[in-house]
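Hi everyone, thanks for coming. I'd like to walk you through one protein today, so please have the sequence and the 3D view open as I talk.

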Amino acid sequence: MRKLVFLVALCIASIAANAQQRFEPSVQSYYDFSIDNYDNKAFGIDLILGWRFCDYFKAGMGVGLGGADVLAYERTTPLMHYETWDNIVTLPLYANAKMNLFKEGISPFVSFDIGYTFSLDNSVDGLGLMLRPAVGVDIPVGDKSKIYVYVGYKSQQFQKRFYSNIVDADSYSKSTKTASQLEVALGYSF
């Protein structure tokens, strides 16, 4: 914990002493494995436009394009219950923060993303808040470029419709659910 506090203080001092910032974009591909009962899976590619404020801290904005398999609606009748799954195209927009442990060489890191995922299809009522903490490692492959891998937890909200033929064939209710996923990603910073 002391080391983390020291690194944060070092970053703040570095920003104050030297106002230069480095633009550091990166691109990553990911796959999300479901770790809950909703069985939502996703994949995609993201572009992160980041600025390195010091040797240990980077922050920026991310945008992506992906695909997901989501629970769109459920229907219950007196005799049966069934679910409908839709494959959708997603557009995540998020803020990204990344803190490296070492200044040079192979460096472990922690990162955190917070944002909103939009559905580009009309087949589902919507997605929502996305949170993604992760741990990974940067591996230098050039003067300023790096390959990185990470494993993270992703929390993704989604809305589904629940139809019930018990009362009225056309009645439904919407509910917001949160899917839990294990995310694995491979990226390149340049």
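I'll start with confidence and overall layout, then go through a hairpin, the cores, some ring contacts and two single residues.

First, please keep in mind that this is a predicted model. The mean pLDDT of the protein is 84, and 78% of the residues reach 70 or more. Where is confidence lowest, and where is it highest? The low end is helix H1, residues 2–17, with a mean of 51, and the high end is strand E5, residues 107–119, at 96. Over residues 15–19 the pLDDT drops below 50, and beyond near neighbours in sequence that stretch makes 1 contact in the model. Where pLDDT is low, the predicted coordinates should not be read in detail. I'll therefore leave that part aside, since low-pLDDT coordinates should not be read in detail.

Now the layout. The protein has 1 helix and 8 strands, and from the N terminus on the order is α-β-β-β-β-β-β-β-β. Of its 190 residues, 41% count as buried. If you take the contacts with a separation of 6 or more, 61% of them come from residues 24 or more positions apart.

Let's move to the hairpin. Strand E1, residues 22–34, and strand E2 run antiparallel and are joined by 11 bridges. To find the register, look at arginine 22, which stands opposite arginine 52 in E2. Between the two strands of this hairpin there are 6 residues, and aspartate 39 in the turn has a positive phi of about 60°.

Stay on strand E2, residues 41–52, for a moment. Which of its side chains are buried, and which are not? Ala42, Gly44, Asp46, Ile48, Gly50 and Arg52 point to one face and are buried. Lys41, Phe43, Ile45, Leu47, Leu49 and Trp51 point to the other face and are not buried. In general, side chains in a regular strand alternate between the two faces of the sheet.

On to the cores. The largest nonpolar core has 9 residues: Tyr30, Ile48, Tyr94, Phe109, Met130, Ala134, Tyr148, Tyr150 and Ala185. Strand E6 (127–140) and strand E7 (146–164) each supply at least two residues of this core. Apart from it lies another core, of 8 residues, including Ala42, Ile88, Leu127 and Ala179. If you want one member of the 9-residue core to click on, try methionine 130. Not counting residues up to four places away in sequence, methionine 130 touches Tyr94, Asp113, Ile114, Gly115, Thr117, Lys154, Ser155 and Gln156.

Now for the rings. How many aromatic pairs turn up in the whole structure? The search finds 6. One of them takes us back to the hairpin: phenylalanine 23 and tryptophan 51 form a tilted pair, 5.5 Å centre to centre with 55° between the planes. Phenylalanine 23 is in strand E1 and tryptophan 51 in strand E2, 28 residues apart, and the pair links distant parts of the chain. Phenylalanine 23 is partly exposed, with a relative accessible area of 48%, and tryptophan 51 is also partly exposed, at 33%.

Another pair is tyrosine 188 with phenylalanine 190, and this one is stacked, at 5.7 Å centre to centre and 25° between the planes. Tyrosine 188 has 34% relative accessibility and counts as partly exposed, and phenylalanine 190 is partly exposed at 45%.

There is also a lysine to look at over the rings. The charged end of lysine 98 sits over the ring of phenylalanine 109, 4.2 Å from its centre. The charged end of lysine 98 also sits over the ring of tyrosine 148, 4.6 Å from its centre.

Two single residues to finish. Is arginine 132 buried or exposed? Arginine 132, in strand E6, counts as buried because its relative accessibility is 2%, and the limit for buried is under 20%. Its contacts, leaving out residues up to four places away in sequence, are Gln28, Asp46, Tyr94, Ser111, Phe112, Asp113, Tyr150, Tyr153, Lys154 and Glu183. The C-alpha atoms of arginine 132 and serine 155 are 6.5 Å apart, with their positions 23 residues apart along the chain.

Lysine 177 sits in strand E8, residues 172–189. At 25% relative accessibility, lysine 177 counts as partly exposed. The C-alpha atoms of lysine 177 and leucine 71 are separated by 9.9 Å, while the two residues are 106 apart along the chain.

That's my tour, and I'm happy to take questions.

Terms used: Residues are numbered from 1 along each chain as its sequence is written. This is a predicted model: local features need pLDDT of at least 70, side-chain atom pairs count only at pLDDT 80 or more; totals for chains, interfaces and linings use all residues. Side-chain values use heavy atoms; hydrogens and water are left out. pLDDT is the predictor's confidence in each residue, from 0 to 100. Helices (H or I, at least four residues) and strands (E, at least two) are DSSP runs, numbered from the N terminus. Contact means heavy atoms within 4.5 Å. Buried means under 20% relative accessible area, exposed over 50%, partly exposed in between (1.4 Å probe, protein chains only). Two strands pair if DSSP finds at least two bridges between them. A nonpolar core is a set of buried Ala, Val, Leu, Ile, Met, Phe, Trp, Tyr and Cys residues joined through side-chain atoms within 4.5 Å. Rings of Phe, Tyr and Trp (its six-membered ring) pair if their centres lie within 6.5 Å; planes under 30 degrees apart count as stacked, over 60 as edge-to-face and the rest as tilted. A charge sits over a ring if NZ of Lys or CZ of Arg is within 6 Å of the ring centre and within 35 degrees of the ring normal.
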